[in-house]
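Subject: Structure handover and notes

Dear colleague,

I am passing the structure below on to you, together with some notes on what came out of going through it. Please look it over alongside the text.

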Amino acid sequence: MRSLELVLGPSSDAAVRAAWQALVDADLPSLGRSDTNSPHVTLAAGDELAVPDAFDVPVPSRLRLGGVLLFPAGTGRSVLARAVVVDRVLAAFHEAVHRAAPGATGTTAPGAWSPHLTFARRVRDGDLAAAVAALRDAPLPEELVIGGVRHWDGASRTLTPIG
């Protein structure tokens, strides 16, 4: 699988990593348990997603976070994330990404996309309250600074910065 992702600037990246660490400190699932994870928001994903040369609109400078989201992750488990608010700037950029790199899966297409920032995968239902409490103890700024865009190729395990 390949993906195009927004990555965060240094201070926003550090804030998300602090939230991941709060989950680790509470002995809960966390993306902070792996040295290979980095905070990002997936814009497009697909098996044949090419590395675009450029986008026809500017990369947004900031993201605004919304509420807590849960995605199914097997029986009795969830992915724990925060929603990303889709404003006009982000929506226009998302559409530009799909023009520059067509062929993404339907769930990342404009009109079907649920942008989010993931904190943990496979959180047991019984641990959800503790996980939310841990995140509350490591508050994030209302807005996160965007540091750029990257292309991830899962088959070759390579990251390519774009622009």
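Which residues lie nearest the centre of the largest pocket, and how many residues line it? This is a predicted model, and in it the lining of that pocket is made up of 26 residues, with Ser3, Glu5, His40, Thr42 and Arg121 nearest the centre. The space within the largest pocket comes to about 680 Å³. Two or more lining residues are given by each of strand 1 (2-8), strand 2 (40-46), strand 5 (116-124) and strand 6 (143-153), and the largest share, four residues, is that of strand 2. In character the lining is mixed, since its residues divide into 11 polar, 10 nonpolar and five charged.

Turning to the interior, the largest nonpolar core holds 39 residues, and those that touch the most other members are Leu6, Val16, Leu23, Leu63 and Phe119. Helix 1 (residues 10-25) contributes most to this core, giving six residues. For phenylalanine 119, once the neighbours within four places in sequence are set aside, the contacts are Val16, Ala19, Trp20, Leu23, Ser30, Leu31, Leu80, Ala81, Arg82, Leu135 and Leu140.

As for aromatic pairs, the count comes to one. Phenylalanine 55 and phenylalanine 93 form this pair in an edge-to-face arrangement, with 5.0 Å from centre to centre and 70° between the planes. The pair links distant parts of the chain, 38 residues apart, for phenylalanine 55 belongs to the loop between strand 2 and strand 3 (62-72), whereas phenylalanine 93 belongs to helix 2 (residues 88-100). Phenylalanine 55 counts as buried because its relative accessibility of 17% falls under the 20% cut-off, and phenylalanine 93, at 0% relative accessibility, counts as buried too.

Two backbone positions may also merit your attention. Aspartate 27, although not a glycine, has a positive phi of about 60°; this residue is placed in the loop between helix 1 and strand 2 and is exposed, with a relative accessible area of 64%. Arginine 122, likewise a residue other than glycine, has a positive phi near 60°, but arginine 122 lies in strand 5 and counts as partly exposed, at 46% relative accessibility.

With best wishes

Notes. Residues are numbered from 1 along each chain as its sequence is written. This is a predicted model: local features need pLDDT of at least 70, side-chain atom pairs count only at pLDDT 80 or more; totals for chains, interfaces and linings use all residues. Side-chain values use heavy atoms; hydrogens and water are left out. A nonpolar core is a set of buried Ala, Val, Leu, Ile, Met, Phe, Trp, Tyr and Cys residues joined through side-chain atoms within 4.5 Å. Buried means under 20% relative accessible area, exposed over 50%, partly exposed in between (1.4 Å probe, protein chains only). Contact means heavy atoms within 4.5 Å. On a 1 Å grid over the protein atoms alone, a cavity is a set of points where a 1.4 Å probe fits but cannot get out, and a pocket is an open set with protein on both sides within 12 Å along at least five of seven lines; lining residues have an atom within 4 Å of a point. Grid points are joined across faces, edges and corners, and a volume is the space filled by probe spheres set on the points. Ala, Val, Leu, Ile, Met, Phe, Trp, Tyr, Cys and Pro count as nonpolar, Asp, Glu, Lys and Arg as charged, and the others, Gly among them, as polar. Rings of Phe, Tyr and Trp (its six-membered ring) pair if their centres lie within 6.5 Å; planes under 30 degrees apart count as stacked, over 60 as edge-to-face and the rest as tilted.
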